[in-house]
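Colleague: I'd like to learn how to read a model like this one, feature by feature. Could you walk me through it?

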Amino acid sequence: MKELLTLNNFSCGYKNGFSINGISFSLIEGTFTGIIGPNGSGKTTLFRGISGDLPVRSGSVLFEDRDLSLLTLREKAQKIAIVSQFTETTHITVEEYVLMGRMPYRKPFQFFDKAEDIDIAHHYMQLTNTYRLRDKSMAELSGGEQQMASIASALCQNPALLLLDEPTSHLDITHQVKFMNLMQKLNDELKLSVIMIVHDLTLAAEYCDYLIMMKNGRIHRKGSPENVLTYENIEHVYDTVVVVKINPVSGKPVVFPVSERRLRELNIP
Ligand SMILES: Nc1ncnc2c1ncn2[C@@H]1O[C@H](COP(=O)(O)OP(=O)(O)OP(=O)(O)O)[C@@H](O)[C@H]1O
């Protein structure tokens with residue numbers, strides 16, 4: 001099995017501000033990885049470091065054994081697709097927006113979409129249930145629909161690695177599960193590697209093979225959901241009392257919050 005992405009003692013950050021430091025991990029092709037950690041712990045900063053949006057301060061990011069900073073923009077866009085949190089206000093149609101994902105494959109002076117590009121865009125729109133919205137303006141869609149359209153556009157890049165920044169934040173439980181099942185399907189069938197920032201620890205445990213738990217700009221723990229999502233780790237990183245049980249069907253950890261009132265009633269400090 002091939003190593004897809006390797007970070008060695010990587011650091012990056014903002015001018016005179018927050019930085020992430022000493023980040024090291026290695027992902028095998030086809031891994032479904034979750035990045036977890038409290039607000040402000042550096043998850044998005046890590047994504048911006050991996051994508052090359054923030055310059056490397058020290059260490060390295062290797063993609064298929066090549067220094068990522070040496071790849072051209074076009075090469076990078078054919079390897080890595082990023083879906084960030086956003087509220088799209090552009091007035092282009094969903095179909096036009098999704099087709100923009102084919103840009104890295106356009107030839108110089110190619111002004112029209114090829115039939116092959118349109119077929120690929122329709123395929124991913126159908127998979128993400130956005131085909132029915134194809135003639136609508138992006139600005140008219142709900143937050144969840146926009147998220148699905150941006151995933152369709154990212155998939156059109158035909159990437160080896162998909163970076164998703166809280167993709168389920170606008171989705172209800174049905175759509176969260178549908179979305180995670182779709183990612184799992186793409187991961188199984190296309191061997192698409194996924195790195196996803198997830199706030200819902202139970203969802204992360206259920207779907208991810210590997211978890212990276214951030215605290216104050218550093219990795220606190222990394223490994224399987226069973227090893228990372230212990231109540232000790234969660235309480236330490238999130239400073240919140242939780243109960244962790246095992247899902248009787250999947251065998252994965254499930255994280256339950258406990259209210260302060262209940263803790264007082266039980267005399268738990
Ligand atoms: N453009 C920026 N310039 C300076 N500081 C920033 C910038 N963006 C984020 N930060 C700071 O970096 C820190 C880490 O932010 P980051 O977005 O990486 O956290 P996060 O773990 O993704 O948080 P959340 O779960 O709330 O999305 C925060 O303290 C934030 O204020």
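Colleague: Let's start with helix H1. Which residues of H1 are buried?

Modeller: The idea is to count neighbours: a residue is buried if 20 or more other C-beta atoms lie within 10 Å of its own. Keep in mind that this is a predicted model. In H1, the buried ones are Lys-43, Thr-45, Leu-46, Phe-47, Arg-48, Gly-49 and Ile-50. That makes seven of the nine residues in 43–51, so the rest of the structure largely encloses this helix. Right after H1 comes Gly-52, with a positive phi near 90°.

Colleague: And the ligand? Which residues surround the ligand?

Modeller: You look for residues whose C-beta atom lies within 6 Å of it. Here the list is Tyr-14, Gly-17, Phe-18, Gly-37, Asn-39, Gly-40, Ser-41, Gly-42, Lys-43, Thr-44 and Thr-45. Two of those names, Lys-43 and Thr-45, also turned up among the buried residues of H1.

Colleague: How many residues of each class are in that shell?

Modeller: Eight are polar, two are nonpolar and one is charged. Glycine goes in with the polar ones in this scheme.

Colleague: Let's zoom out. How many helices and strands does the protein chain have?

Modeller: There are 10 helices and 12 strands. For overall shape, compare the radius of gyration with what the globule rule gives: it comes to 20 Å against 18 Å for 269 residues, which is close, so the chain is as compact as a globular protein of that length. Along the principal axes, the C-alpha atoms fill a box of roughly 70 × 40 × 40 Å. As for burial, 35% of the 269 residues are buried.

Colleague: What can contacts tell me about the chain?

Modeller: Look at how far apart in sequence the partners are. Taking contacts between residues at least 6 apart, 64% of them join residues at least 24 apart.

Colleague: Which residues touch the most other members of the largest nonpolar core?

Modeller: A core here is a set of buried nonpolar residues linked through C-beta atoms within 7 Å. The largest one has 65 residues, and Val-98, Ala-152 and Leu-163 touch the most other members. Helix H5, residues 143–156, gives the most to this core, with seven residues. Val-98 is a good one to click on: beyond its close sequence neighbours (within four places), Val-98 contacts Ala-121, Tyr-124, Met-125, Ala-149, Ala-152, Ser-153 and Cys-156.

Colleague: So is H5 mostly covered or mostly open?

Modeller: Mostly covered: 12 of its 14 residues are buried. They include Met-148, Ala-149, Ile-151, Ala-152 and Leu-155. What they pack against is strand S6 (80–83), helix H3 (94–99), helix H4 (115–127) and strand S7 (161–165). You can check the helix's length too: at 1.5 Å a residue, its 14 residues should span 20 Å, and the end C-alpha atoms are 20 Å apart, which agrees. Following H5 is Asn-158, whose phi is positive, near 55°.

Colleague: Which residues other than glycine have a positive phi, with values near 65° and near 55°?

Modeller: Asp-65 has a phi near 65°, and Asp-239 has one near 55°. Asp-65 sits in the loop between strand S4 (58–63) and strand S5 (66–67). Asp-239 sits in the loop between helix H9 (231–238) and strand S11 (242–246).

Colleague: Why does Asp-239 count as exposed?

Modeller: Again it's the neighbour count, since 12 or fewer means exposed. Asp-239 has 9 C-beta neighbours inside 10 Å, so it counts as exposed. Asp-65 is exposed too, with 9 other C-beta atoms within 10 Å.

Colleague: What about a residue in a strand? Where is Val-243?

Modeller: Val-243 is in strand S11. It's exposed, because 11 other C-beta atoms lie within 10 Å. Leaving out residues up to four places away, Val-243 touches Tyr-231, Phe-256 and Val-258.

Colleague: And what does something partly exposed look like? How many other C-beta atoms lie within 10 Å of Gly-22?

Modeller: There are 14, so Gly-22 is partly exposed. Gly-22 belongs to strand S2, residues 19–28. Beyond four places in sequence, its contacts are Asn-9, Ser-11 and Arg-218.

Notes:
Residues numbered from 1 in each chain as written. Predicted model: local features only at pLDDT ≥ 70, side-chain atom pairs only at ≥ 80, totals over all residues. Helix = DSSP H or I, 4+ residues; strand = E, 2+ residues; numbered from the N terminus. Rg over C-alpha atoms; globule rule 2.2 N^0.38 Å. Contact = placed C-beta atoms within 7 Å. Expected span 1.5 Å × (residues − 1).
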